[in-house]
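Student: I would like a close look at a single part of this structure, the sheet, and at what surrounds it. Please take it strand by strand and then move outwards.

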Amino acid sequence: MLWENLREEEFKDAIKESKGVCIVPVGCLEKHGQHLPVGTDVIHITEIAKRAAETEPVCVFPTMYFGEKTGSGEFLGTVIFSPELRLQILKETCSEIYRNGFDKILLYNGHGGNQSMISYFMRGLLYEKTPYSVFDYSLGSDFATPKKLLNEGYKYLTTDDRKVLQSYNDQKKRFGHADFIEMGWVYGVRPETVRLDKIYQESNESTHLFDEFSSHRINTPFAWMADYPNSYEGDMHDGMNERIARAMVDYSIKKLAEVLKFLKNETTSDEYKTEWLEKQKRHTI
């Protein structure tokens, strides 16, 4: 159920069928090498969320495009909002979703750089003591790795497809940003936006500029950007095709649908929240 496609009189039934669960895809606009579009983190999560909601009916809110990309202003196509505005948008979005009748909100994150922002936002809601609950689940929480695809046994994968996936494992290819997996997600839902001929146009190797910081376990927002100046990390692999891409998308749809089904039926979070709110009242008297 897509929020924007519902007529006003349909919302009551949508809330009932969703059991009060609404999913908000959260992405960003940023460079992904030269082979993937800047909307990569929006394109894959939006479509996966829509398809998962067809399997396990919930309401899907319009995607939030503007994630945490503060350090990437040198790339064309990147859109950067202030941290304050991003948090305010999240806050008011969730408040409006609740006002319309949904009390469980799942932020479905498609961009790794959003995770700290989302975690900070969710902790802030504890201070607000909101009547609704917000959860987050990332597309990267359970990557559609070649090994997992092989274990799933998708019948439409050919013998050659399986060899490609097995080779990825055997060669111990690295996961990263704009890599084989992320390319598969986009190729599986919007193939016309992917340029397979540009996979190797730019380097995906690290400059190792901030390696010493990592060795000392020092965090800095400059590290990833400096180490991967092309916004491209991790190994690629020749052999991507529509069947492998389909398997990556199918795997992620299945996992998200499982999460949605769990949230629709669990009661632990509501029960504990009621108990927690009562404790907070006692301490504020």
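Tutor: A crossover is called right-handed if, with the strands pointing away from the viewer, the path from the first strand over the helix to the second runs clockwise. In this predicted model, β1, α2 and β2 form a β-α-β unit of that right-handed kind. A further right-handed β-α-β unit is made by β3, helix α4 (residues 115-128) and β4.

The strands of both units belong to an open sheet of 4 strands, ordered β2-β1-β3-β4, with parallel pairing. β2 (59-60) and β4 stand at the edges with a single partner strand each, so each has one side without a neighbour in the sheet.

Now the pairings, in sheet order. β1 and β2 are joined in the parallel sense over 2 bridges, and here isoleucine 23 has valine 60 of β2 as its bridge partner. On the other side, β1 pairs with β3 over 6 bridges, again parallel; in this pairing proline 25 is matched with tyrosine 108 of β3. β3 (residues 104-109) in turn pairs with β4 over 6 parallel bridges, and tyrosine 108 stands opposite tyrosine 137 in β4.

Burial comes next. In β1, 6 of the 6 residues are buried, so the strand is largely enclosed by the rest of the structure. Val21, Ile23 and Pro25 point one way from β1, while Cys22, Val24 and Val26 point the other way, and all are buried. The edge strand β4 (residues 133-138) has 5 of its 6 residues buried, so β4 too is largely enclosed by the rest of the structure.

The packing around the sheet can be followed through the nonpolar cores. The largest has 50 residues, of which Ile23, Leu106, Tyr108, Phe180, Met248 and Leu256 touch the most other members. At least two residues of this core come from each of β1 (21-26), α2 (40-55), β3, β4, α5 (146-152), α6 (159-170), α7 (180-189) and α10 (242-265). The largest share, 12 residues, is supplied by α10. A second, separate core holds 23 residues, among them Ala14, Met117, Ile118 and Tyr132. In soluble globular proteins, nonpolar side chains tend to be buried together.

Leucine 106 shows how these parts meet. Setting aside residues up to four places away in sequence, leucine 106 touches Cys22, Ile23 and Val24, then Phe135, Asp136 and Tyr137, and also Leu256, Val259, Leu260 and Leu263.

Helix α7, one of the contributors to the largest core, is mostly covered, with 9 of its 10 residues buried. The buried residues of α7 include Phe180, Met183, Trp185 and Tyr187, but also Glu182 and Gly184. Among the elements that cover the buried residues of α7 are α2, α5, α6 and α10.

Back in the sheet, asparagine 109 is a polar residue to look at. Asparagine 109 lies in strand β3 and is buried, at a relative accessible area of 0%. The side chain of asparagine 109 makes a polar contact with the side chain of asparagine 114, at 3.1 Å. Apart from neighbours within four places in sequence, the residues in contact with asparagine 109 are Val26, Ile45, Asn114, Gln115, Ile118, Tyr137, Ser138 and Leu139.

Last, the cysteines. A disulfide is a covalent bond between the sulfur atoms of two cysteines. The structure holds 0 disulfides, and the cut-off used for one is 2.5 Å between the sulfur atoms. Cysteine 59 has its closest cysteine sulfur in cysteine 22, at 4.6 Å, which is too far for a bond. Cysteine 59 is buried, at 0% relative accessibility. For cysteine 28, the closest cysteine sulfur is that of cysteine 94, and the separation of 18 Å is too far for a bond. Cysteine 28 is buried as well, with a relative accessible area of 0%.

Note on methods
Residues are numbered from 1 along each chain as its sequence is written. This is a predicted model: local features need pLDDT of at least 70, side-chain atom pairs count only at pLDDT 80 or more; totals for chains, interfaces and linings use all residues. Side-chain values use heavy atoms; hydrogens and water are left out. Buried means under 20% relative accessible area, exposed over 50%, partly exposed in between (1.4 Å probe, protein chains only). Two strands pair if DSSP finds at least two bridges between them. A nonpolar core is a set of buried Ala, Val, Leu, Ile, Met, Phe, Trp, Tyr and Cys residues joined through side-chain atoms within 4.5 Å. Contact means heavy atoms within 4.5 Å. A polar contact is a pair of N or O atoms within 3.5 Å; within protein, one must be able to donate a hydrogen and the other to accept it, and residues adjacent in sequence count only if both atoms are side-chain atoms.
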